[in-house]
Amino acid sequence: MVTGLHSVWPNEVTISASGLWLGLLGVFYLFPAVLGVLAITGTASTWTVYVLALLFGVVLPQNFDVPYRATSLRDFWRRWHMTLSRFLRDYLYIPMGGSRHGLPRQVGALAATMTLGGLWHGAGLTFLAWGALHGGVQVIERIGRALRAGWVRGKGAGGMDRHGRTCAT
């Protein structure tokens with residue numbers, strides 16, 4: 001028996017229904033939310049988040065890789081929602097042609113994928129516009145990379161001929 005315990009808990013400890021609900025809220029809602037914020041902002045290293053999740057028996061795939069340390073929007077999306085990005089790549093971008101059929105089809109698939117990816121966040125026009133904005137910026141970045149690569153190699157606009165076909169290297 002521990003002495004002095006009665007000064008802390010003089011009577012039986014009972015939990016009310018509201019106290020139980022608050023406790024369950026803390027475990028099942030706030031804890032995953034805090035883990036997500038820690039992973040997104042990079043304030044805690046990734047392994048800390050995984051160790052905390054494993055303490056509760058949850059095995060998490062890596063979903064964030066400190067996206068706010070990205071150097072471009074393309075790099076940001078490679079670090080942000082990695083599981084969602086893999087899904088969008090495998091089931092939208094690649095079936096639309098991906099990067100295998102020339103730059104025009106690639107940027108069209110990229111813009112469509114990002115626009116439809118906006119629906120993941122919500123089924124409203126603002127989310128579609130948000131996805132289209134991110135897709136538009138990624139298209140600009142992709143065209144800029146193609147132009148820089150073409151001018152470095154001396155092949156014109158992005159290593160493409162005047163019909164938009166990729167030139168052989």
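Which pattern does the protein chain follow when read along the sequence? The pattern is α-α-α-α-α-α-α, and the chain accordingly holds seven helices and zero strands. Helices (H or I, at least four residues) and strands (E, at least two) are DSSP runs, numbered from the N terminus. This is a predicted model, in which local features need pLDDT of at least 70 and side-chain atom pairs count only at pLDDT 80 or more, while totals for chains, interfaces and linings use all residues. Residues are numbered from 1 along each chain as its sequence is written, and side-chain values use heavy atoms, with hydrogens and water left out.

Confidence is expressed as pLDDT, the predictor's confidence in each residue, from 0 to 100. The mean pLDDT of the protein chain is 78, and 74% of its residues reach 70 or more. Among the elements, helix α1 (residues 5-8) has the lowest mean pLDDT, 54, whereas α6 has the highest, 93. Where pLDDT is low, the predicted coordinates should not be read in detail.

The overall packing may be considered next. Of the 169 residues of the protein chain, 28% count as buried; buried means under 20% relative accessible area, exposed over 50%, and partly exposed in between (1.4 Å probe, protein chains only). The accessible surface of the chain comes to about 11,700 Å², and 67% of this surface belongs to carbon and sulfur atoms. Such areas come from the Shrake-Rupley method with a 1.4 Å probe, and for residues only the protein chains shown count as cover. Among contacts (heavy atoms within 4.5 Å) between residues at least 6 apart in sequence, 36% join residues at least 24 apart.

The interior is best approached through the largest nonpolar core, which has 13 residues. A nonpolar core is a set of buried Ala, Val, Leu, Ile, Met, Phe, Trp, Tyr and Cys residues joined through side-chain atoms within 4.5 Å. Within the largest core, F76, W77, W80 and L110 touch the most other members. The elements that give two or more residues to this core are α4 (73-79), α6 (103-117) and α7 (125-153). Helix α6 gives the most, with five residues.

One of these core residues, W77, can be followed through its contacts. Leaving aside neighbours within four places in sequence, W77 is in contact with S85, M114, W130, H134 and Q138. The last of these, Q138, is placed in helix α7 and counts as buried because its relative accessibility is 10%. Not counting residues up to four places away in sequence, Q138 touches L73, R74, W77, L110 and M114.

Charged pairs form the next topic. Side chains of opposite charge can pair when their charged atoms come close. The structure holds two salt bridges, a salt bridge being a side-chain nitrogen of Lys or Arg within 4 Å of a carboxyl oxygen of Asp or Glu. One joins the side chains of R79 and D75 at 3.2 Å, N to O. Both residues lie in helix α4, four residues apart, about one turn of the helix, and R79 and D75 are both buried. The other joins D90 and R89 at 2.9 Å, N to O. Here D90 is partly exposed, with a relative accessible area of 35%, and R89 counts as partly exposed at 40%.

On the surface, I15, L20, W21, L24, V27, F28, V51, L55, F56, V58 and L60 make a nonpolar patch of about 1,200 Å². Patches are made of residues with over 30% relative accessible area and no salt bridge; like charges are joined within 9 Å, and nonpolar side chains (Val, Leu, Ile, Met, Phe, Trp, Tyr) within 5 Å. Helices α2 (17-41) and α3 (46-55) each supply at least two residues of the patch, and the largest share, five residues, comes from α2. Among the patch residues, V27 is found in helix α2 and counts as partly exposed because its relative accessibility is 38%.

Two loop residues deserve a note on backbone geometry. Most residues other than glycine have a negative phi, and most peptide bonds are trans. V66, in the loop between α3 and α4, has a positive phi near 35°. This residue is buried, with a relative accessible area of 13%. H81 has a positive phi of about 45° although it is not a glycine, and lies in the loop between α4 and α5 (82-93). With a relative accessible area of 12%, H81 is buried.
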